[in-house]
Amino acid sequence: MRTYSLTVLLWGCMLHAVPVMLSQKRTNKHLHSERITGLSENDGKTLHRTKRGWMWNQFFLLEEYTGPDTQYVGKLHTDQDKGDGNLKYILTGDGAGSLFIIDENTGDIHAAKKLDREEKSLYVLRAKAIDRKTGRQVEPESEFIIKIHDINDNEPKFTKDMYTASIPEMSGVGTPVIQVTATDADDANYGNSAKIVYSILQGQPYFSVDPETGIIKTALPDMSRENREQYQVVIQAKDMGGQMGGLSGTTTVNITLTDVNDNPPRFPQSTYQFSSPESAPPGTPLGRIKANDPDVGENAETEYSISSGDGSDMFDIITDKDTQEGIITVKKQLDFENKMLYTLRVEAINTHPDPRFLQLGPFKDTALVKISVEDIDEPPVFSRSSYLIEVDEDAREGSIIGQVVAQDPDITKNAIKYSVDRHTDLDRIFNIYSGNGSLFISKTLDREETPWHNITVIATEINNPKQSSQVPVFIRILDINDHAPEFAKYYETFVCENAKAGQLIQTVSAVDKDEPPRGHKFFFELVPEFAVHPNFSIIDNKDNTAGILTRRNGYSRSKMSTYLLPVIIFDNDYPIQSSTGTLTIRVCACDSRGNMQSCNAEALLLPAGLSTGALIAILLCIVILLVLVVLFAALKRQRKKEPLIISKDDVRDNIVTYNDEGGGEEDTQAFDIGTLRNPEAREESKMRRDVIPETIFQIRRTAPLWENIDIQDFIHRRLKENDLDPSAPPYDSLATYAYEGNDSIANSLSSLESLTTDGNQDYDYLSDWGPRFKKLADMYGGEESDRD
């Protein structure tokens, strides 16, 4: 058996390890002393060193040793060891004493535990030999290394337990998908323990893997997502270069095929049928159609349009972005009587085509859509959306001013009746013939009061009153020259006392309520009686104004303080209308510039419109009112009476005793029996003649009730009035009843005709009336017990 020995040479501070080949029987003959001569820096003495060496049987150690004995590492030996046991070997460093144990007598080193190269591949130890007797080192401490040899004890491991990848569908063969990576903890520099080879266990024939790099690639062309979207691939990594006996690990790769726009939209059917009532308003959805596209996302986005058809103007189609459906809607108002069936050619096209797949064909499809219009009972339709009628304001009542026309649009052509919405014609100025829709006047018109009338006419089907429609009718009242022009305002005209002849003192204008088509044109002149006025004249300015001029020099307030000048105003329309307006011209004192300073007081009163007679009448009315007030106050003082009872307490808390008995019907001093027979006198609440009532209580006036022939009701109402009156006095007063009435079935209620015995009277009920009637209950209810 061949062994290796490691000779350790110590030379100064240098340590050399020299491996030499030894025979199985160790010998020291080749070790001899060497003389080394050197010059010291201090004294130049010659140094002598004897050659020594550490002897090793082994310095490599296998990991994961599983033998029955401890694994032998090597042997420490020095030339100084004579075999007499005087030397002691000591080991220090990595794992000394725990992993590595040395025999201190022989220097043999053993591994006490199983070692793992992946945990630690190199151990550095130091050895020394000491004399047991002196404890002195016989050799300097030397360092050596133990290397752990690797064995294939670790399988390859992938960086992820599961990989996820995606690739577009229709990709070519060899398109990279993803790279997987596995690592091996074994020593890559020692043997093939860490050399990994990749292979595919599951996923063929769709995918392949590069054995060295682990890159997964597609293996089949034109893989379609619509056929299969998900793939699960299992990859194996095996060490030892993939040879038998190598360790392996696996991982799973989930591969998804992403979508590309490689499919055009397709309608599932070639023809669609829809229907719509003719009353459907624009924008009403009629139905949905959808072209199926196996693609997803934006690759399946489809745009719908109407390419042709006789209903392209009547219908529209919009795209629902959420469902990718085409919604057919009404575009214009339908009419069953006009057209009952429409045909549309609808086209669906992809909005995001992929140029790589255009050779597969056009990415669009078409379908035929038929829409039938359903007939419904429609309300009448007027010939116009509104009517404008013009009528002269002098049109007579009953005159026809215009006509509205409506008809039933349905095939049945039901009869129509017309009416005016009275909410729009509260004064009932207009009316309509229900049969033909002719409008006529019911009252006279006045353009100046209301120049326009806006009414609403209703057309209703006779067979179905629920079907009705309305139309506005605008009636314009045309002007007739029926108003005369008049002064535009009230003019306060004055003339100075020092005025000169021909001086302009006032410019007047006119207004007219009428509106002639050519505009107003007014003419001014004096009345014929004053055609040649000695004091003033008028000049027509031909612009609807006129000037008032003086005709003499100087005016005197003392002689004439006010002048009245009547002026005639004409218009130029037919028939000509005219009116006379009177100007009141006051004579005033003016300064040299013509500015008014003062005028006559009487002239100031005239414009106010109050004459002397009116002022006197007002004063007389005031005097009469004062006299009436004085008379009323005097009557109140005379009617003041003394109170019947003078007490601070409420009169209703006192008992008033009358000691005298009335004289009956023959006593005419107490009351007037005639009032019972005179209905007109019963409303006068007459006082008793023998009693002076307090004036603080007001006499109640009641409404005349003698027209009521129900005497019983009359009496009950009067009783209620007296019972509920809070101001009713406690003393006797006259309550007049106008009718006596017939005999009562209860006969007389007078106590004079009552039975002399009261044995049949039961007064026990008085006890149930409360404490206020306790005294009466004791007086009447206790008689039987008293008698007993």
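Visitor: What does the secondary structure of the protein chain come to?
Guide: The chain has 5 helices and 43 strands. Both are DSSP runs numbered from the N terminus: helices are H or I with at least four residues, strands are E with at least two. This is a predicted model, where local features need pLDDT of at least 70, side-chain atom pairs count only at pLDDT 80 or more, and totals for chains, interfaces and linings use all residues. Residues are numbered from 1 along each chain as its sequence is written, and side-chain values use heavy atoms, with hydrogens and water left out.

Visitor: How many residues, and what share count as buried?
Guide: There are 788 residues, and 34% of them count as buried. Buried means under 20% relative accessible area, exposed means over 50%, and partly exposed is in between (1.4 Å probe, protein chains only).

Visitor: What area does the chain expose?
Guide: About 49600 Å², with carbon and sulfur atoms supplying 51% of it. Accessible areas come from the Shrake-Rupley method with a 1.4 Å probe; for residues, only the protein chains shown count as cover.

Visitor: On to sheets. Which strands are in the open sheet of 4, and in what order?
Guide: The order is 11-18-17-14, with mixed pairing. Strand 11 (162–168) and strand 14 (197–202) stand at the edges, each with a single partner strand, so one side of each has no neighbour in the sheet. The twist averages 30 degrees from one strand to the next. Two strands pair if DSSP finds at least two bridges between them. The twist angle is taken between axes, which are lines fitted to C-alpha atoms (for helices over the stretch in contact); angles run from 0 to 180 degrees between N-to-C directions.

Visitor: Do strands 11 and 18 run parallel or antiparallel?
Guide: Parallel, with 7 bridges joining strand 11 to strand 18 (residues 248–258). Ser-166 has Thr-256 as its bridge partner in strand 18. Ala-165 stands opposite Ile-255 there.

Visitor: Which residues of strand 11 are on the covered face?
Guide: Tyr-163, Ala-165 and Ile-167. The uncovered face has Met-162, Thr-164, Ser-166 and Pro-168. In a regular strand the side chains alternate between the two faces of the sheet.

Visitor: And strand 8, which sense does its pairing with strand 5 take?
Guide: Antiparallel: strand 5 (residues 87–93) and strand 8 (residues 122–131) share 7 bridges. Leu-91 stands opposite Ala-127 in strand 8. Strand 8 also pairs with strand 9 (residues 142–149), again antiparallel, over 6 bridges. In strand 9, Ile-146 is the bridge partner of Tyr-123.

Visitor: Backbone oddities next. Where is the peptide bond from Tyr-574 cis?
Guide: At Pro-575, with omega near -10 degrees. Pro-575 is in the loop between strand 41 (562–570) and strand 42 (578–590). Another cis bond joins Gln-204 and Pro-205, with omega about 5 degrees. Pro-205 is in the loop between strand 14 and strand 15 (207–209).

Visitor: What is phi at Asp-222?
Guide: Positive, about 55 degrees, although Asp-222 is not a glycine. Most residues other than glycine have a negative phi, and most peptide bonds are trans. Asp-222 lies in the loop between strand 16 (215–218) and strand 17 (230–238). Asp-222 counts as exposed because its relative accessibility is 51%.

Visitor: And Arg-428, what is its phi?
Guide: Near 55 degrees, a positive value in a residue other than glycine. Arg-428 is in the loop between strand 30 (416–420) and strand 31 (430–432). Its relative accessible area is 49%, so Arg-428 is partly exposed.
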